[in-house]
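Reader: I am new to protein structures and would like to learn how to read one. Could you take me through a few features?

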Amino acid sequence: MNGSVANLVWAPLLPAELLGAVAVLFALACSYGLVRRARGMVWRTMAVATFLLVLFNPSLLIEDREAQTGIVAVVLDESPSQDIGERRKRSEAAVADITQQLKGARDLELRVIRAGRRDDAVAADTGTRLFEALARGLADVPQQRLAGVILVTDGQVHDVATAESLNLEAPVHVLLSGERGEVDRTLTVASAPSFGIVGKPVTLTFRVEDAPQSKTSIRVAVRRDGVPVQTLSVAANSEGKIDIAVDHAGPSIIELEAQPGPRELTLENNRAVVTVNGVRDRLKVLLITGEPHPGERTWRTFLKSDPSVDLVHFTILRPPEKQDSTPLNELSLITFPVRELFEVKLTQFDLVIFDRYRRRGVLPQSYFTNIADYVRKGGALLIADGPAYASPNSLFHTPLGEILPAEPTGQVIEAPYRPALTGTGKRHPVTAELSGAPPGGEKWGRWYRLIEANARRGLTLMSGPGDRPLLVLDRQGEGRVAVLLSDHIWLWARGYEGGGPQAELLRRLAHWLMKEPELEENNLRATVRGGRLEIARRSLEPGRAGVSVIDPAGKQQRVELKDQGGGRAAGSMPLHGPGLYRVRDGERTALAAAGSPNPLETADMRTTDEHLAPLVRRTGGGVVWLAERGTPEIRRMPGGLGYAGPAGTRDWIGLKPPGDFVVRGVRRMPLLPGLIVLLAGLGTLALGWWREGR
């Protein structure tokens, strides 16, 4: 309401301290005179009091005030959990009803603040932040103008602590959009490692929440990189553990999914995703050089330059057929531990390399059988051979011949040539886009020897004169094999005729043999970068340009990939929200997590008043379940009274009277006119003298 308010103010004509001291002295003197009953003392006291009152200069300060409208803040929760059932419909209806009720109130201003909907699809996982939105919406509003706050939500609010910093002095009411007693099965990961050693298991601890007191056995499916691993059963409302092996370096996405319950609000929180980065614990490589030769140092230098590689290298200096009088202890530093390497500790190596090796009776046939079995069970074997591969003493004529993809013809070609990439080699990640690799490899230095062989299986990536195989790769069981049909790669290392990319080629070859995901020839990868999902596919065969993408909400769309050359195709699409994206090309599946794969928003989707109840009680507000009572009546309540109806009905909520105003004008009215006060003072003094003279 508008009007004027008068207040008594003092404007002393002298310093207040001085006037106070004078007043004390006169009070003591007058008190003494009154006690002694001196004649005329009463009149003198009145005169002194009049003059002191004049010096204190009292006046009325009259303010012309204009009342400010009160602010009613309605915060509408638009988070994804509001999409369950009738929640969003009830919330919108409640806001519309409140707007209608306050439409005719001239002294109230309604502000509807919408919160909870993320514009950034991969924003930090902070949950529903209603009070941060409220603080922004009321940044220009003094506390005195706030008549009330009405939160229309499902109660899952994750920034309640922020409300304490707002110092709300108006009632806070909560209108809950869900229903009482909701039941929702939820799977959460209690603990999971961020890293794991390749080849060793990691332990995940998880919990499945269900209806209170339930002990139902719940099946939980486990997938690694989209491939089912196992299914186990756990009791509801209890923890379960699972050991999962990390089978490759780089990120592995592990999914856990609980079977749906009889009553579910959503299936989104039945799943949990964990990303475990696989790291290799020191790669162990066994290099066996059959005889000293110029290229021996190339292999050793390459392998020793990698700090993550533990190299065990043996060179056979004197074969059994060589007989001379030189003592054995002067030819070798240590004894060749044949049994320990090829029988006891063979499986501990990640890669075995035979460099210019020929059969000389050093290794029994049974040990070659062990090596072949080692490869079939997941090991890696590289043969880099010279003329010995074409001889009767070739490794091909051992049990290893069953797993080698190149069969020697017995011929050795001694002629200059430049190694070239085959059509497959131009698309395979081991050789595609090698440094300085124009069509045909014209800029690479020449080699002078090739072991003629027929590629009976596998992939031929490099060729020599007459398009004969030079580098052949193959898979055997769970392991991998590579054969390099020349011993002249060392010419590149020496820079002969400009050299070639021997270090890059050997690195890629060794890492492909040890199953590095980035070097898979048929591979589909998905990554999140800059608010977009980027998709890359490697393939030895052109075509199949499109992939299907399933977003976290289960919606599917088609993304076309553009050929990038070198066996690569790429495409991208904007993200539709945080969560797990699945990319499929018909044969393979790639996963990518945007933001948090287990958002705080989906951790608990049940409607509750537990988080907001303490704030509501402190401010005198009320909680209303819209599904039971509908939108309550809004009333104006005098200060000091309750702001909500009885807990059993909650059919109304109240607003605090606004107490803010703007001063439009100020007037000062003196209470003691100078002439009248002067006459009164002189009159009382005269009366005092007259009374004293009698």
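Author: Happily; we will look at a sheet, a helix and a cavity in this predicted model.

Reader: Let's start with the sheet. What is the order of the strands in the open sheet of eight strands?

Author: Reading across the sheet, the order is S16-S15-S17-S18-S24-S23-S22-S20, and the pairing is mixed. At the edges are strand S16 (309-315) and strand S20 (420-421), each of which pairs on one side only.

Reader: In which sense do strands S22 and S23 pair?

Author: Strand S22 (residues 459-463) and strand S23 (residues 469-476) are antiparallel, with four bridges between them. Ser-463 stands opposite Pro-469 in S23.

Reader: Which strands does helix H6 lie across?

Author: H6 lies across S15, S16, S17, S18 and S24, and runs at about 160° to S16. Thr-301 has its place in this helix, which covers residues 296-304.

Reader: Why does Thr-301 count as partly exposed?

Author: Partly exposed covers the range between the cut-offs of 20% and 50%. Thr-301 counts as partly exposed because its relative accessibility is 46%. Its C-alpha atom is separated by 9.5 Å from that of Ala-503, although these residues are 202 apart along the chain.

Reader: And how does one look for empty space?

Author: Rolling a probe the size of a water molecule over the atoms shows where empty space is left. Here, a search of the whole structure finds one cavity of 30 Å³ or more. The largest cavity holds about 50 Å³ of space.

Reader: Which residues line the largest cavity?

Author: Among them are His-293, Trp-299, Asp-355, Arg-356 and Trp-490. By class, the lining has four nonpolar, three polar and three charged residues.

Terms used: Residues numbered from 1 in each chain as written. Predicted model: local features only at pLDDT ≥ 70, side-chain atom pairs only at ≥ 80, totals over all residues. Heavy atoms only, no water. Helix = DSSP H or I, 4+ residues; strand = E, 2+ residues; numbered from the N terminus. Buried < 20%, exposed > 50% of the residue type's maximum accessible area, 1.4 Å probe, protein only. Pairing = 2+ DSSP bridges. Contact = heavy atoms within 4.5 Å. Axes fitted to C-alpha atoms, helices over the stretch in contact; angles between N-to-C directions. 1 Å grid on protein atoms, 1.4 Å probe; cavity = no way out; pocket = protein on both sides within 12 Å on 5 of 7 lines; lining within 4 Å. Points joined across faces, edges and corners; volume = space filled by probe spheres on them. Nonpolar A, V, L, I, M, F, W, Y, C, P; charged D, E, K, R; others polar.
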